[in-house]
Amino acid sequence: MTEKLIKPVRCLRGDISLPGDKSISHRALILSALAKGESRITGLSVAQDVMHTKKCLEELGVPIRESAGAFFVQGVGTSGFQKPAKTLDAGNSGTTIRLLSGALAAQNFTSIIDGDESLRKRPMRRIIEPLELMGAGFESVSFKAPLTIHGGPLRAIDYASPVASAQVKSCILIAGLAAKGITRVTEPSPSRDHTERMLQELGATVHYSEGMAAVKGPALLNATAIDVPADISAAAFFLIATCLLPESEVTISNVGVNPTRTGILDAMSSMGAFFTPGNESESNREPRATLTAKTSELFAAQLGGSLIPRIIDEIPVIAVAATQAKGKTIIRDAGELRVKESDRITTIAENLLRMGADVKEIKDGLIIEGPTPLHGAMIDSYGDHRIAMSFAIAGLIADGETLIKNSECVDTSFPGFFDLLDSITCD
Ligand code: S3P
């Protein structure tokens, strides 16, 4: 276990590029594997989570090679995986286990997929129930990983998901590719729609609107070239750090700005943050832009309702920003945070308290009153990459030194995070 020492900095300035979007990277690998022909993927994230997906696919008989920074995936069709020789390992990655379960449900064999200690605690009933309705068989203890999946022919379903979750929706849509008829998912609030966009890009018949997605099966996906934009969830740490520090300005190029992911820009703008988008373009149906952040005076906001799925991964760092915003920031309707890589409501609140913030944990969110000066502290990341990175940002604006325990977990989504942060700090 490594510990990272964070010292306060004067300002941040520079132009940076960030790793590929993690959500889009998983989908690029999985959907290319289910297609016919060879797909070429550029900009793929090589973070641990995505590499777990790659390794699982290789163990399922999907040839993947890398050349000059591009990944070439030889698709095997929607039911063409080979039975793996051993248990598949999703590591820390909820996206890997949930999306791959959808594909495994359609294979003519039994497989087992497992993960690390954190993933073994996360709820899987949300995918087991719909996949069983489609005809797959499951064995698990208390609906948690390891999952034994008895795959086979599937039937299309019309499913109302009780949670707004892109992982659940994508799992069902992926299973639906192999089922005859229309598989349809509705959800209480719209979640990220990268699967729908990419399926369309690969030639599937897909219909989607806010809170609904449907795919027609059996579908034949055609291999294509996919370029993954930079990850807006990774950008969030730099955008917010820039707002919080004096005389700072940072520009990040080629960031994915799919509207189902830009809640961070909306939430922070409503708090007074100064962001400018430029160079807007679109590739593979995913919009992208250059984002510039500048030092900003922040005010409290009420964040809830349908905004929450659009900021779900950014709430830890938004909470850090809220400690510096004038007034009472209330984050609610965010109970899903309790079933992420850690119980993020508790891990945010505990660590903010250690730094001297005025924070109160509520059942489905947090109440943070600001502005409060933060002081350096011993932070426990609980092995959660977004907690480690959010509190590294808090450490930049704190008085004194901050030590982040178990800091290597940032590699889950963002290898090189600390070096990149170092590279733009002003002396
Ligand atoms: C993701 C969906 C979200 C998000 C996760 C990635 C995805 O999870 O928190 O980091 O790639 O589909 P849920 O679907 O559980 O909300």
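1. A good place to start is the ligand. A polar side-chain atom of S23 sits 2.7 Å from one of the ligand's oxygen atoms. Please keep in mind as you read that this is a predicted model. S165 also brings a polar side-chain atom to 2.7 Å from an oxygen atom of the ligand. For T95, an N or O atom of the side chain is 3.4 Å from a ligand oxygen atom.

2. Which residues are around the ligand? S23, R27, T95, R98, S165, A166, Q167, R192, I312, D313 and K340 are the ones to look for. Two of these names, T95 and R98, are worth remembering for the next point.

3. Helix 3 covers residues 94-104, and helix 4 covers residues 125-133. Their axes come within 10 Å and cross at roughly 10°. Angles under 35 degrees count as roughly parallel, and helix 3 and helix 4 are therefore roughly parallel to each other. On the helix 3 side, the contact involves I97, R98, S101 and G102; on the helix 4 side, it involves R126, I127 and L131. Sorted by class, this contact between helix 3 and helix 4 has 3 nonpolar, 2 polar and 2 charged residues. R98 has a part in both pictures: R98 is one of the residues around the ligand, and R98 is also in the contact with helix 4.

4. A second helix pair is helix 7 (residues 232-244) with helix 10 (residues 315-322). These helices pack at an angle of about 5°, and their axes are 10 Å apart. Helix 7 and helix 10 are therefore roughly parallel to each other. Helix 7 contributes A236, F237, I240 and L244 to the contact, while helix 10 contributes V317, I318, V320 and A321. What is the make-up of this contact by class? The contact of helix 7 with helix 10 has 8 nonpolar residues, with no polar and no charged ones.

5. Now for the sheets. One open sheet is formed by 4 strands in the order 10-11-13-12, and its pairing is mixed. Why is one side of strand 10 and of strand 12 left without a neighbour in the sheet? Strand 10 (158-160) and strand 12 (206-209) stand at the edges, each with a single partner strand, so one side of each has no neighbour there. From one strand to the next, the twist averages 10°.

6. Within that sheet, look at strand 11 (residues 181-186) and strand 13 (residues 212-217), which run antiparallel and are joined by 6 bridges. To find your way along the pair, use R184, which stands opposite A214 in strand 13. Helix 6 (residues 194-201) lies across strand 12 and strand 13, and runs at about 150° to strand 12.

7. Another open sheet has 3 strands in the order 1-23-22, again with mixed pairing. Strand 1 (3-6) and strand 22 (378-380) are at its edges, and each has a single partner strand, so one side of each is left without a neighbour in the sheet. Neighbouring strands here are turned by 25° against each other on average, direction ignored.

8. Strand 1 and strand 23 (residues 402-405) run antiparallel, with 4 bridges joining them. Here E3 stands opposite K405 in strand 23. Helix 12 (residues 385-397) lies across strand 1, strand 22 and strand 23, running at about 175° to strand 23.

Terms used
Residues numbered from 1 in each chain as written. Predicted model: local features only at pLDDT ≥ 70, side-chain atom pairs only at ≥ 80, totals over all residues. Heavy atoms only, no water. Axes fitted to C-alpha atoms, helices over the stretch in contact; angles between N-to-C directions. Helix = DSSP H or I, 4+ residues; strand = E, 2+ residues; numbered from the N terminus. Parallel < 35°, antiparallel > 145°, perpendicular 65-115°, else oblique. Contact = heavy atoms within 4.5 Å. Nonpolar A, V, L, I, M, F, W, Y, C, P; charged D, E, K, R; others polar. Pairing = 2+ DSSP bridges. Near = heavy atom within 4 Å. Polar contact = N/O pair within 3.5 Å; in protein donor to acceptor, adjacent residues only side chain to side chain.
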